[in-house]
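Visitor: I should like a close look at a single part of this model, described residue by residue where possible. Please also place that part in its wider setting.

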Amino acid sequence: MQEKTRSLIEIHIAVVLFGLSGLFARYVGLPAVIIALGRVFFASTAMYALFRYRGKSIRLDSGRDMAALAAAGFLLAVHWTTFFLSIQVSTVAIGVLTFSTFPLFITFLEPLIFGERIKIADVLCACVMFIGVMIIVPEFHLSNSMTMGIIWGMTCSLTYAALSLINRKYVKKYPGRLIAFYEQGTATLVLLPAFFLYKPLLTITNISLLILLGVLFTAAAHSMFINGMKHVRAQTAGMIASLESVYGIVAAALFLIEIPSFNEFAGGTLILAAALYSTLKASKAAG
């Protein structure tokens, strides 16, 4: 098998796994924060074991870098918790679609952080995403579970956007796996107090699902995606990654019988179209 073909398969498998991860919010009968804790704990443990097995160093160059990645880890903890919370109070479709709006926040945060000019095309793209979210919102009332799902989902999106900007800076300096390890590990420490606060009743089934989520759907998926990027153009990888929400919605329809409403379908189409356009545009600019 050619290297490019193998890389394409790795990226597709990784994106499918990312898309299916939202199902665990339904199958694991635990609070969202505990699911997030289990995910990052088992993911960071698996990644540490991999580093040890391969004899790779996990040292960072400075305490400043450690602090920056620790901040990113805090954002990751909030990101995963609000992602699962969004799905638990609403639907998988709401959770994955609102998460897909992170380019909306990047449009305005990136110029502020990196001193770049805001581009009209990016603003228009962000406006389309915002319209898509407004179409999905059933009513502007906090008592509505779907509205709360969207609020949590947008929080998930915002934290991921900020996390992406930190990663953009440090991925030039460190391997992606090392960055992910420190972020997952820090997120574990941030979320650990929730375990003693909630005192969850863990069963063999719940623990097994959390191990599966952390090791296969997070650590392994992340590694496959990074490996696939070695022989695949960023534009191609971005197009494949945009299918994550589609996989999540289809999986929810098949396994949970959650069929998106017309508003979710219409708003989601706008969000995904804008996200795909943003990805293609960024990839071409980078090329």
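Guide: The answer below begins with one helix and its partners, and then turns to other places in the chain.

The model is a predicted one. The part chosen is helix 9, which comprises residues 176-198. Its axis and that of helix 3 come within 7 Å and cross at roughly 140°. Helix 3 is therefore oblique to helix 9, because an angle counts as roughly antiparallel when it is over 145 degrees. The crossing of helix 3 past helix 9 is left-handed. Sorted by residue class, this contact comprises 19 nonpolar, four polar and two charged residues.

One of the residues on the helix 3 side deserves closer attention. Ser44 belongs to helix 3, which spans residues 32-54. Once neighbours within four places in sequence are set aside, Ser44 is in contact with Phe181, Gln184, Gly185 and Thr188. With a relative accessible area of 9%, Ser44 is buried, since buried means under 20%. Where does the side chain of Ser44 reach at 2.8 Å? At that distance it reaches the backbone oxygen of Val40. The side chain of Ser44 also reaches the backbone oxygen of Phe41, at 3.0 Å.

Helix 9 also crosses helix 4, which runs over residues 63-89. The axes of helix 4 and helix 9 come within 7 Å, and the crossing angle is roughly 65°. This crossing is right-handed, whereas helix 3 passes helix 9 in a left-handed one. On the side of helix 4, the contact is made by Met66, Leu69, Ala70, Ala72, Gly73, Phe74, Leu76, Ala77 and Thr81. Helix 9 contributes Ile179, Tyr182, Glu183, Gln184, Thr186, Ala187, Val190 and Leu191. By class, the contact of helix 4 with helix 9 holds 12 nonpolar, four polar and one charged residue. Gln184 thus takes part in the contact with helix 4 and is also in contact with Ser44.

Helix 9 includes Gly176. Gly176 is partly exposed, with a relative accessible area of 24%; the value falls in this class because buried means under 20% and exposed means over 50%. Leaving out neighbours within four places in sequence, Gly176 is in contact with His222 and Ile226. Gly176 and Ala36 are separated by 140 residues in sequence and by 21 Å in space, C-alpha to C-alpha.

Beyond helix 9, Lys199 lies in the loop that leads to helix 10 (204-228). The phi angle of Lys199 is near 45°, a positive value in a residue other than glycine. Lys199 is exposed, its relative accessible area being 69%.

The surroundings may be extended through helix 8, which covers residues 145-170 and contains Thr159. Thr159 is buried, at a relative accessible area of 9%. Not counting residues up to four places away in sequence, Thr159 touches Leu75, Val78 and His79.

A further helix pair offers a comparison with the crossings described above. Helix 1 (residues 3-20) and helix 12 (residues 244-255) have axes that come within 7 Å and cross at roughly 50°. This angle makes helix 1 oblique to helix 12, and the crossing is right-handed. In helix 1, the residues that meet helix 12 are His12, Val15, Val16, Phe18, Gly19 and Leu20. Their counterparts in helix 12 are Glu244, Tyr247, Gly248 and Ala251. The contact of helix 1 with helix 12 divides into six nonpolar, three polar and one charged residue.

The loop between helix 12 and helix 13 (262-286) includes Ile257. Like Lys199, Ile257 has a positive phi in a residue other than glycine; for Ile257 the angle is near 55°. Ile257 counts as exposed, at 63% relative accessibility. Ser261 lies in the loop between helix 12 and helix 13 as well, and is partly exposed with a relative accessible area of 35%. How many residues separate Ser261 and Lys230 in sequence? They are 31 residues apart in sequence and 39 Å apart in space, C-alpha to C-alpha.

How values were computed:
Residues numbered from 1 in each chain as written. Predicted model: local features only at pLDDT ≥ 70, side-chain atom pairs only at ≥ 80, totals over all residues. Heavy atoms only, no water. Helix = DSSP H or I, 4+ residues; strand = E, 2+ residues; numbered from the N terminus. Buried < 20%, exposed > 50% of the residue type's maximum accessible area, 1.4 Å probe, protein only. Polar contact = N/O pair within 3.5 Å; in protein donor to acceptor, adjacent residues only side chain to side chain. Contact = heavy atoms within 4.5 Å. Axes fitted to C-alpha atoms, helices over the stretch in contact; angles between N-to-C directions. Parallel < 35°, antiparallel > 145°, perpendicular 65-115°, else oblique. Left-handed = near helix turned anticlockwise from the far one by under 90°. Nonpolar A, V, L, I, M, F, W, Y, C, P; charged D, E, K, R; others polar.
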